[in-house]
Amino acid sequence: MITTLRTEITVKEICDGFVYNELEGKGLFGLSGKLTIQPEYQRNYIYADGVRDVRVIESILKGYPLGLIYFNKPSADALEVLDGQQRITSFGRYVTGKFAIKDENGMEQYFAGIAQDKQELILNTKLLIYECEGTESEIKEWFKTINIAGVPLNNQELLNAVYSGQFVTLAKAKFSYSQNANVQKWKAYISGSVDRQAYLEQALEWVSKCTIGDYMSKHRKDDNINELETYFNTVIDWISTVFLDVESEMCGLEWGRLYEAYHKNPYSPTVVSEKIKSLYADPYVKSRRGIFEYILGGSTDSKLLDVRVYDEATKKSICAKQTAEAEKKGISNCSYCAIGHDANKTKIWKLAEMDADHVSAWSKGGATDIKNCEMLCKSHNRAKGNK
Ligand SMILES: [Zn+2]
């Protein structure tokens, strides 16, 4: 790979022909049309938050270096931004009047409103740019390792860069576009940000059964995303059919896995809805996020609900009481050991060797109160299971 350091290109030259697409949230072109600011493998513009974009302009005005910028040179008269897209889009948006910064008097000032010498200072600022020429794989391998300034790329952003092509472009148009009307619905089940590729990552994870890289590599040259889209829509439809109500704990569950495991079972959405309401009202259920799989699996695996257990003080006092009674009768303080036939028949276990058990199982309506507590030796407690 050949790299050439360019030190003479100014903000003004980059901003010549600068186009920012408000809808898609990205800077598109610059350098009189020669420069592609957001090639398809780049992430969306994320500096438009009134903090990071403002900081870029303040740095220029104070004469601070903006850091290295990297361009890729795919052909003789074309350049694309490899690294520096967020910074370039920030000054491009400022110069074209898309946002304001506060001046020394605390007044909001757009580019057109600041003093001429300041305008010129910004426009004449020279940038430090490396132009890189190399094969696609060299550039991508290198791009994967630089990740220099600003917010590092996350996993999915890196995968989009590594497997860029038609498939990624189509997939991003559907899953990485925050104006998509479906995002509101998807938000109920998927956590993370559209801009940072969380929805695309989820869609790929579901269809590929967690082998995203392999899937992207295999489908890289596809001219459609039919399978990805259909699978995603099927999972979303299944969730919203089985679960009538949207609860905040549903967001970010492993829906792909749950769909695979349970979509062949029939459910009555009304019955499911009633069960959810009653488990939400149950003070012994500590994990609300587990409620959904608990119900899908036939309401048997109460481990998913992390049912509230007895506290140490209760365990200690029950143990003391059981031990006193057992010693009087000359039997074990674990009621299961006491009725056995082995050496443990008369064994007095220490508190640390015992666990609390719900006499009447929680799943059958037994409450976690002191009257329903019995201490058993650890092995009998484990054998009894079903708490
Ligand atoms: Zn026992």
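Helices here are DSSP runs of H or I with at least four residues, numbered from the N terminus. With that in hand, here are close-up views of a predicted model.

**View 1. The largest pocket and the residues that line it.** Helix α7, residues 166-175, gives the largest share of this pocket's lining, with three residues. In total, 21 residues line the largest pocket. If you want to find its centre, look for Glu24, Lys26, Asn44, Ser176 and Tyr177, which lie nearest to that point. The space inside comes to about 390 Å³. As for chemistry, the lining is a mixture of seven nonpolar, eight polar and six charged residues.

**View 2. An open sheet of seven strands.** Follow the strands across in the order β1-β9-β5-β6-β4-β3-β2, and note that the pairing is mixed. At the edges stand β1 (2-6) and β2 (19-21); each has a single partner strand, so one side of each is left without a neighbour in the sheet. Strands of a sheet pair through backbone hydrogen bonds, in either a parallel or an antiparallel sense. Inside this sheet, β4 (residues 35-36) and β6 (residues 78-83) run parallel and are joined by two bridges. One residue to pick out is Leu35, whose bridge partner in β6 is Leu79.

**View 3. Leu31, in the loop that leads from β3 to β4.** Leu31 is found in the loop between β3 (26-30) and β4. Its phi is near 50°, a positive value in a residue other than glycine. Is Leu31 buried or exposed? With a relative accessibility of 12%, Leu31 counts as buried, because buried means under 20%.

**View 4. Met1, in the segment before β1.** Here is the start of the chain, with Met1 placed ahead of β1. Met1 counts as partly exposed, at 40% relative accessibility. Which residue lies 6.8 Å from Met1, C-alpha to C-alpha? That residue is Cys132, although Met1 and Cys132 are 131 residues apart in sequence.

**View 5. Strands β10 and β11, an antiparallel pair.** Strand β10 (residues 354-358) pairs with β11 over five bridges. Look for Ala356, which has Met375 of β11 as its bridge partner. In a regular strand, side chains alternate between the two faces of the sheet. Along β11, Cys373, Met375 and Cys377 point one way, while Glu374 and Leu376 point the other way. Why is β11 described as largely enclosed by the rest of the structure? Five of the five residues of this strand (373-377) are buried, so the description fits.

**View 6. Tyr94 and Phe111, an aromatic pair.** A search of the whole structure finds 14 aromatic pairs. In the one formed by Tyr94 and Phe111, the rings are edge-to-face, 5.9 Å centre to centre, with 85° between the planes. This pair links distant parts of the chain: Tyr94 sits in helix α3 (residues 85-95) and Phe111 in the loop between β8 (108-109) and α4 (116-124), 17 residues apart. Both Tyr94 and Phe111 are buried.

**View 7. Tyr231 and Tyr259, an edge-to-face pair.** The ring centres of Tyr231 and Tyr259 are 5.7 Å apart, and 85° separates the planes. Tyr231 belongs to helix α11 (residues 226-242) and Tyr259 to helix α12 (residues 255-262), so the pair ties together parts that are 28 residues apart in sequence. Tyr231 counts as buried at 15% relative accessibility, and Tyr259 is buried as well, with a relative accessible area of 10%.

**View 8. An aromatic cluster.** Phe175, Trp186, Tyr199, Trp206 and Phe232 come together in one cluster.

**View 9. Lys275, in helix α13.** Helix α13, residues 269-281, holds Lys275. This lysine is partly exposed, with a relative accessible area of 34%. Which residues does Lys275 contact, leaving aside its neighbours within four places in sequence? They are Ile295 and Ser299. Ile291 is 16 residues from Lys275 in sequence and 9.0 Å away in space, C-alpha to C-alpha.

**View 10. Asp306, in the loop between α14 and α15.** Asp306 follows α14 (291-296) and comes before α15 (312-329). Its phi is positive, about 50°, although Asp306 is not a glycine. Asp306 is partly exposed, with a relative accessible area of 39%.

Note on methods
Residues numbered from 1 in each chain as written. Predicted model: local features only at pLDDT ≥ 70, side-chain atom pairs only at ≥ 80, totals over all residues. Heavy atoms only, no water. 1 Å grid on protein atoms, 1.4 Å probe; cavity = no way out; pocket = protein on both sides within 12 Å on 5 of 7 lines; lining within 4 Å. Points joined across faces, edges and corners; volume = space filled by probe spheres on them. Nonpolar A, V, L, I, M, F, W, Y, C, P; charged D, E, K, R; others polar. Buried < 20%, exposed > 50% of the residue type's maximum accessible area, 1.4 Å probe, protein only. Contact = heavy atoms within 4.5 Å. Pairing = 2+ DSSP bridges. Phe/Tyr/Trp six-rings, centres within 6.5 Å; stacked < 30°, edge-to-face > 60°.
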